[in-house]
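This report describes a protein chain from its overall fold down to a handful of individual residues. Please keep the sequence and the structure at hand while reading.

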Amino acid sequence: QVQLVESGGGLVQAGGSLRLSCAASVRIFSNYVMGWFRQVPGKEREFVAGITRSGANTYSADSVKGRFTITRDNAKSTVYLQMNSLKPEDTAVYYCAGRLVYSRREDYRAEKEFDNWGQGTQVTVSS
């Protein structure tokens with residue numbers, strides 16, 4: 001339904017910042033709840049943050065609250081993840097995800113609840 005392409009990953013020192021972007025190729029981007037997940041080899045994909053269709057509300061994992069901020073620009077069909085105060089344990093492949101939504105529910109946290117996925121971008125935080 002939608003093609004997602006992440007960018008912005010890379011190497012950063014602990015305490016530093018990165019801003020991830022996810023560009024969507026879709027007719028009506030505002031119909032999609034968007035989210036960010038991350039995964040380390042050998043571990044399950046972990047929910048990081050989600051954002052409602054309009055961007056009015058956001059949800060995030062406890063591990064990143066106060067450090068990561070998810071935003072979106074529907075005019076640009078892009079969702080962002082601003083990551084501050086990065087820690088080595090934030091090292092992972094970060095994936096952008098989207099779910100087409102027509103109902104009032106907009107808070108989704110489970111991997112299986114998202115239908116569209118990007119290819120991922122590597123984030124490595126050195127100590």
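A good place to enter this predicted model is Val-79, which, when residues up to four places away in sequence are not counted, touches Leu-20, Ser-21, Cys-22, Phe-29, Met-34, Trp-36, Ile-51, Ile-70, Thr-71, Arg-72 and Cys-96. Val-79 also belongs to the largest nonpolar core, a set of 35 residues in which Met-34, Trp-36, Val-79, Leu-81, Met-83 and Tyr-94 touch the most other members. The strands that each supply at least two residues of this core are β3 (18-25), β4 (32-39), β5 (46-51), β7 (68-73), β8 (78-83), β9 (92-100) and β11 (121-126). The greatest contribution to this core comes from β4, with 5 residues.

**The chain as a whole**

The protein chain contains 11 strands and 0 helices, so that, read along the sequence, its pattern is β-β-β-β-β-β-β-β-β-β-β. For 127 residues, a compact globule would have a radius of gyration near 14 Å, and the 14 Å found for the protein chain agrees with this. Along the principal axes, the C-alpha trace spans about 45 × 25 × 25 Å.

Of the 127 residues, 46% count as buried, and the chain exposes about 6600 Å², of which carbon and sulfur atoms supply 44%. When contacts between residues at least 6 apart in sequence are considered, 60% of them join residues at least 24 apart. The protein chain carries 16 positive and 12 negative charges, and the mean positions of these two sets are 4 Å apart.

**Ala-24 in strand β3**

Ala-24 is found in strand β3 and has a relative accessible area of 14%; because this is under 20%, Ala-24 counts as buried. Leaving aside neighbours within four places in sequence, Ala-24 is in contact with Val-2, Gln-3, Leu-4, Phe-29 and Ser-77. The C-alpha atoms of Ala-24 and Gly-118 are separated by 9.2 Å, although these residues lie 94 places apart along the chain.

**Loop residues on either side of β8**

Ser-77, one of the contacts of Ala-24, is found in the loop between β7 and β8, while Asn-84 and Ser-85 are both placed in the loop between β8 and β9. Asn-84 touches Gly-16, Ser-17, Arg-67 and Phe-68, not counting residues up to four places away in sequence. The C-alpha atoms of Asn-84 and Arg-19 are separated by 8.5 Å, with their positions 65 residues apart along the chain.

Which backbone angle deserves a check at Ser-77, given that this residue is not a glycine? The answer is phi, which is positive at Ser-77, at about 50°. Ser-85, likewise a residue other than glycine, has a positive phi near 50°. Most residues other than glycine have a negative phi.

The residues discussed here can be set side by side by their relative accessible area:

| Residue | Relative accessible area | Class |
|---|---|---|
| Ala-24 | 14% | buried |
| Ser-77 | 15% | buried |
| Asn-84 | 30% | partly exposed |
| Ser-85 | 41% | partly exposed |

The two classes follow from the cut-offs, because buried means under 20% relative accessible area and exposed means over 50%, with partly exposed in between. Ser-77, at 15%, therefore counts as buried, whereas Ser-85, at 41%, is partly exposed.

Notes:
Residues are numbered from 1 along each chain as its sequence is written. This is a predicted model: local features need pLDDT of at least 70, side-chain atom pairs count only at pLDDT 80 or more; totals for chains, interfaces and linings use all residues. Side-chain values use heavy atoms; hydrogens and water are left out. Helices (H or I, at least four residues) and strands (E, at least two) are DSSP runs, numbered from the N terminus. The radius of gyration is taken over C-alpha atoms; the globule rule is 2.2 Å times the number of residues to the power 0.38. Buried means under 20% relative accessible area, exposed over 50%, partly exposed in between (1.4 Å probe, protein chains only). Contact means heavy atoms within 4.5 Å. Accessible areas come from the Shrake-Rupley method with a 1.4 Å probe; for residues, only the protein chains shown count as cover. Lys and Arg count as positive and Asp and Glu as negative; His and the chain ends are not counted. The place of a charge is taken as NZ of Lys, CZ of Arg, CG of Asp or CD of Glu. A nonpolar core is a set of buried Ala, Val, Leu, Ile, Met, Phe, Trp, Tyr and Cys residues joined through side-chain atoms within 4.5 Å.
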